[in-house]
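Subject: Structure handover

Hi,

Here is the structure I promised to pass on. Have a look at it first, and then read my notes below.

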Amino acid sequence: MIDIVCSPTPFLIGLLSSSLPRLKELPVEEVLVVDLVNNRFLRQMEDEDSILPRKLQAALEHILEQRNELASDKEEGPVNGKQETSPLNEVVSEAFVRFFVEIVGHYSLFLTPTEREERTLQREAFRKSVSSKSLRRFLEVFMETQMFGGFIQERELRKQGVRGLFEVRAQEYLETLPSGEQSGVNRFLKGLGEEPAKPLASQE
């Protein structure tokens, strides 16, 4: 299945190091290759250090650097026949949920109803509402991706009132922002690894 790496769609795939010679022969385009064993890039896109908003990237890196400490914790045994979620999984998952909440958590403020009882995102107003210049630049690129397109399409078609984990986190985030602000880079990773807490708002 190694030929899948040539597919022009977003994905994350793992290969054994023994497959590397075969990988180098394939006509892969716009693919980032990372050697997880030796913690190094084998192929880069040249924008890895600049594409994400600086403060959000730094905050995300800070919490992910603690993964080694969390990974060394012993996994708890099954409780009532069920395996408990590891602290590592909880922290990493929560970190990325909050990361995306920081970026697009204000989307619901820009969904307007249509005549067919659906909702449409006011894309330009959504992007311009962000006070951070670096985040606005990132949104210009991110809003053109399949990931963002699928995210918004699902919510445009979703019935109002249906809320998942992301919507809950996004509402908590919006409640922490100053009146009139739709977005703000903040210390959203503070306290991760202990128990989930609402982010503390601050301007970039």
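One cut-off before anything else: a residue is called buried under 20% relative accessible area, exposed over 50%, and partly exposed in between. By that rule glutamate 140, at 44% relative accessibility, is partly exposed. Please also keep in mind that this is a predicted model.

**The overall layout**

The protein has eight helices and four strands. Going along the sequence, they come in the order α-β-β-α-α-α-β-β-α-α-α-α. Of its 204 residues, 33% count as buried.

**Helix 4**

Helix 4 covers residues 87-104, which makes 18 residues. At 1.5 Å a residue it should span 26 Å, and its end C-alpha atoms are indeed 26 Å apart, so the expected and the computed span agree. Quite a few of its residues are buried, among them Val91, Ala95, Val97, Phe99 and Ile103. Two charged residues, Arg98 and Glu102, are on the buried list as well.

Proline 87 belongs to this helix too. With a relative accessibility of 34%, proline 87 falls in the partly exposed class. Its C-alpha lies 9.3 Å from that of arginine 67, with the two positions 20 residues apart in sequence numbering.

**Salt bridges**

The count comes to 13 salt bridges. Three of them are worth a look while you have the model open.

Which residue does arginine 169 meet in a salt bridge? The partner is glutamate 94, with an N to O distance of 2.8 Å. This pair links distant parts of the chain, since arginine 169 sits in helix 8 (residues 165-176) and glutamate 94 in helix 4, 75 residues apart. Are the two partners buried or exposed? Arginine 169 has a relative accessible area of 16%, so it is buried. Glutamate 94 is at 9%, so it counts as buried too.

Glutamate 140, the residue I began with, forms a salt bridge with arginine 127, and their closest N and O atoms are 3.0 Å apart. Here glutamate 140 is in helix 6 (residues 133-142) and arginine 127 in helix 5 (residues 123-128), 13 residues apart. Arginine 127 is buried, with a relative accessible area of 13%, whereas glutamate 140 is partly exposed. There is a bit more to this spot: salt bridges with shared partners join Glu124, Arg127, Lys128 and Glu140 into one network.

The third one pairs glutamate 154 with arginine 158, where the closest N and O atoms are 2.7 Å apart. Glutamate 154 has 44% relative accessibility, so it is partly exposed.

**Surface patches**

There is a negative patch on the surface, formed by Glu46, Asp47, Asp49, Glu61 and Glu65. One of its members, glutamate 61, is found in helix 2 (residues 54-64). Its relative accessible area is 41%, which makes glutamate 61 partly exposed.

A nonpolar patch is there as well, made of Met1, Ile4, Phe11, Ile13 and Leu15. Together these residues have about 490 Å² of accessible area. Leucine 15 is in the segment before helix 1 (20-25). At 38% relative accessibility, leucine 15 is partly exposed.

**Two backbone oddities**

Most residues other than glycine have a negative phi. Which residues go the other way here? Glutamate 30 is one of them, with a phi near 50 degrees. You will find glutamate 30 in the loop between helix 1 and strand 1 (33-35). Its relative accessibility is 71%, so glutamate 30 is exposed.

Asparagine 39 also has a positive phi, about 55 degrees, without being a glycine. Asparagine 39 lies in the loop between strand 1 and strand 2 (40-43). With 67% relative accessibility, asparagine 39 counts as exposed.

That's it from me. Enjoy looking around!

Cheers

Methods. Residues are numbered from 1 along each chain as its sequence is written. This is a predicted model: local features need pLDDT of at least 70, side-chain atom pairs count only at pLDDT 80 or more; totals for chains, interfaces and linings use all residues. Side-chain values use heavy atoms; hydrogens and water are left out. The expected span of a helix is 1.5 Å times one less than its number of residues. Buried means under 20% relative accessible area, exposed over 50%, partly exposed in between (1.4 Å probe, protein chains only). Patches are made of residues with over 30% relative accessible area and no salt bridge: like charges are joined within 9 Å, nonpolar side chains (Val, Leu, Ile, Met, Phe, Trp, Tyr) within 5 Å. Accessible areas come from the Shrake-Rupley method with a 1.4 Å probe; for residues, only the protein chains shown count as cover. A salt bridge is a side-chain nitrogen of Lys or Arg within 4 Å of a carboxyl oxygen of Asp or Glu. Lys and Arg count as positive and Asp and Glu as negative; His and the chain ends are not counted. The place of a charge is taken as NZ of Lys, CZ of Arg, CG of Asp or CD of Glu.
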